[in-house]
Amino acid sequence: MSVQQLLVAAEVTAAVHVAAQEAVSSYALTSGRLWSFVAIGLGLIGVVIGGLALARPAGRLGTDSGQLGAGLALGAGLVGAGVGAVVVAASGGQLGTGGGLAGGVVGIALGLAGAVVGGLALARSRRSTT
């Protein structure tokens, strides 16, 4: 096989790859978009539960000092940020191709926010018990 034939084959493969990426509808639910929704959901859960644990440390989620709610918020936030990071790493680095890049970035941000709020609530609950 000559060098020219190899170059033509590589160009055809690249063109097919670009055409496949552009063929994704803006309303189609791809696997990247689905996982980015999971990351966003976990980040939101972490922020909400962490906010509730900060507002009412001895509320419904924790019987003693609210450590359960704070731990749940911290865990959900960290998992959401991790899933978002995996989505961003696997997305291919282009917006609008269905890889979930934008949702992954939002999932990372919300996951880190949930982890911070959960960590603050955990620190407050530990401080109130001693």
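**Figure 1. The protein follows the pattern α-α-α-α along its sequence.** The model shown is predicted. It holds 4 helices and 0 strands. Of the 130 residues, 32% count as buried. The protein exposes about 7,900 Å². Carbon and sulfur atoms supply 70% of that area. Among contacts with a separation of 6 or more, 70% join residues 24 or more positions apart.

**Figure 2. A nonpolar patch lies on the surface around W35.** Five residues make the patch: L29, L34, W35, F37 and V38. Its area is about 520 Å². W35 belongs to helix 2, which covers residues 31-55. This tryptophan counts as partly exposed because its relative accessibility is 47%, between the 20% and 50% cut-offs.

**Figure 3. Helix 3 spans residues 67-90.** The helix has 24 residues. From first C-alpha to last, helix 3 reaches 34 Å. That is close to the 34 Å expected at 1.5 Å a residue. Its buried residues are G69, A70, A73, A76, G77, G80, A81, V83, G84 and V87. In an α-helix there are 3.6 residues a turn, so residues three or four places apart point the same way. Several of the buried positions can be traced with that spacing in mind, including A73, A76 and G80. After the helix comes G92, with a positive phi near 90°.

**Figure 4. S91 sits in the loop between helix 3 and helix 4.** Helix 4 covers residues 101-129. S91 counts as buried because its relative accessibility is 9%, and the cut-off is 20%. A polar atom of the S91 side chain lies 3.0 Å from the backbone oxygen of V88. Leaving out residues up to four places away in sequence, S91 touches T97, G99 and L101.

**Figure 5. G103 of helix 4 is in contact with S36 and I40.** Those two contacts leave aside neighbours within four places in sequence. G103 counts as buried, since its relative accessibility of 16% is under 20%. R33 and G103 are 70 residues apart in sequence. In space, their C-alpha atoms are 6.9 Å apart.

Notes
Residues are numbered from 1 along each chain as its sequence is written. This is a predicted model: local features need pLDDT of at least 70, side-chain atom pairs count only at pLDDT 80 or more; totals for chains, interfaces and linings use all residues. Side-chain values use heavy atoms; hydrogens and water are left out. Patches are made of residues with over 30% relative accessible area and no salt bridge: like charges are joined within 9 Å, nonpolar side chains (Val, Leu, Ile, Met, Phe, Trp, Tyr) within 5 Å. Accessible areas come from the Shrake-Rupley method with a 1.4 Å probe; for residues, only the protein chains shown count as cover. A salt bridge is a side-chain nitrogen of Lys or Arg within 4 Å of a carboxyl oxygen of Asp or Glu. Helices (H or I, at least four residues) and strands (E, at least two) are DSSP runs, numbered from the N terminus. Buried means under 20% relative accessible area, exposed over 50%, partly exposed in between (1.4 Å probe, protein chains only). The expected span of a helix is 1.5 Å times one less than its number of residues. Contact means heavy atoms within 4.5 Å. A polar contact is a pair of N or O atoms within 3.5 Å; within protein, one must be able to donate a hydrogen and the other to accept it, and residues adjacent in sequence count only if both atoms are side-chain atoms.
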